[in-house]
Amino acid sequence: MEIAAWIIWVSIALICIIIEIFTAGFAVMCFSFGAAAAAIGDACSLGIGWQLLLFAVFSGLALAFVRPAVIKAFYKKDKEVKTNVDAIIGRKGRVSEAISAGSGRVALDGDDWKAVSVDGSDIAKGEEVEILSRDGLTVSVRALRTSKEE
């Protein structure tokens, strides 16, 4: 029993898609475009030489044009992703121990951080603050007072 070439090309395309799921970089997926083009070539009764040419051309075009566009869309270098404790910078917390003489404590996501006021002002317990920076286990905060409260 002879297997149609388009079945082989579609199988190659599916295998490339499955491999791409477990890898990064969108390179293997480009070969699935070539395999799909070759399968269409077989459906149009083109010979194996033309199918291989379609595979090579469409894989090359995908590597040259589709891959850079996808990488640019998914991997934004201008936007730094903060992880671990640096992810708290810019977040809002609540003062759990009044910040006076520049030092106190701030609660955020169930953690209690030693905190200092960036401008040296006193901040009462319960006030909302924004975390501006971190130095070790100490965070620098500023009060988020509204104009009515000041």
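In this predicted model, G47 lies in the loop that links α2 (28-43) to α3 (48-74). With a relative accessibility of 37%, G47 is classed as partly exposed. The C-alpha atom of G47 is 9.8 Å from that of A5, although 42 residues separate the two along the chain.

**Helix packing**

The helices on either side of this loop, α2 and α3, pack against each other with an angle of about 145 degrees and axes 7 Å apart. Their crossing is right-handed. On the α2 side, the interface is made by C30, F31, F33, G34, A35, A37, A38, G41 and D42, which meet Q51, L54, F55, F58, S59, A62, L63, V66 and R67 of α3.

A37 is one of the α2 residues in this interface. A37 has a relative accessible area of 10%, and because this is under 20%, the residue counts as buried. Apart from neighbours within four places in sequence, A37 is in contact with L54 and F58, and both of these belong to the α3 side of the interface. The C-alpha atoms of A37 and W6 are 9.7 Å apart, with these positions 31 residues apart along the chain.

**Overall architecture**

The protein chain contains three helices and five strands, arranged along the sequence as α-α-α-β-β-β-β-β. Of its 150 residues, 26% are buried. Among contacts with a sequence separation of 6 or more, 43% are between residues 24 or more positions apart.

**The barrel**

The five strands close into a barrel with the order β1-β2-β3-β5-β4, and the pairing is mixed. On average, neighbouring strands of this sheet are turned by 50 degrees against each other, with direction ignored. The table lists pairings of these strands together with one bridge from each.

| Strand pair | Sense | Bridges | One bridge pair |
|---|---|---|---|
| β1 and β2 | antiparallel | four | E97 and R105 |
| β1 and β4 | antiparallel | three | K92 and E130 |
| β3 and β5 | parallel | four | K114 and T138 |
| β4 and β5 | antiparallel | six | R134 and V139 |

The strands β4 and β5 also form a hairpin, with two residues between them. Within the turn, G136 adopts a positive phi of about 65 degrees.

**The nonpolar core**

The largest nonpolar core has 13 residues, and the members that touch the most others are I99, V106, I123, V139 and V141. At least two residues of this core come from each of β1 (92-100), β2 (103-108), β3 (111-117), β4 (128-135) and β5 (138-143). The largest share, three residues, is supplied by β5.

Two of these core residues also appear in other parts of this description. V139 is the bridge partner of R134 in the pairing of β4 with β5, and V141 is among the residues in contact with I123. I123 itself, leaving aside neighbours within four places in sequence, is in contact with V95, A98, I99, S117, V129, V141, R142, A143 and R145. This list includes I99 and V141, which are likewise among the members that touch the most others in the core.

**E130 in strand β4**

E130 is located in strand β4, where it is the bridge partner of K92. Is this residue buried or exposed? E130 has a relative accessible area of 18%; because this value is under 20%, the residue counts as buried.

The side chain of E130 makes a polar contact with the side chain of R142, at 2.6 Å. Not counting residues up to four places away in sequence, E130 touches G90, R91, K92, S140, V141, R142 and L144. The bridge partner K92 and the polar partner R142 are therefore both among the residues that E130 touches, as contact requires heavy atoms within 4.5 Å. R142 is also in contact with I123, as is V141, a core residue that E130 touches as well.

Note on methods
Residues are numbered from 1 along each chain as its sequence is written. This is a predicted model: local features need pLDDT of at least 70, side-chain atom pairs count only at pLDDT 80 or more; totals for chains, interfaces and linings use all residues. Side-chain values use heavy atoms; hydrogens and water are left out. A nonpolar core is a set of buried Ala, Val, Leu, Ile, Met, Phe, Trp, Tyr and Cys residues joined through side-chain atoms within 4.5 Å. Buried means under 20% relative accessible area, exposed over 50%, partly exposed in between (1.4 Å probe, protein chains only). Two strands pair if DSSP finds at least two bridges between them. Axes are lines fitted to C-alpha atoms, for helices over the stretch in contact, and angles run from 0 to 180 degrees between N-to-C directions. A polar contact is a pair of N or O atoms within 3.5 Å; within protein, one must be able to donate a hydrogen and the other to accept it, and residues adjacent in sequence count only if both atoms are side-chain atoms. A crossing is left-handed if the near helix is turned anticlockwise from the far one by less than a right angle, and right-handed if clockwise.
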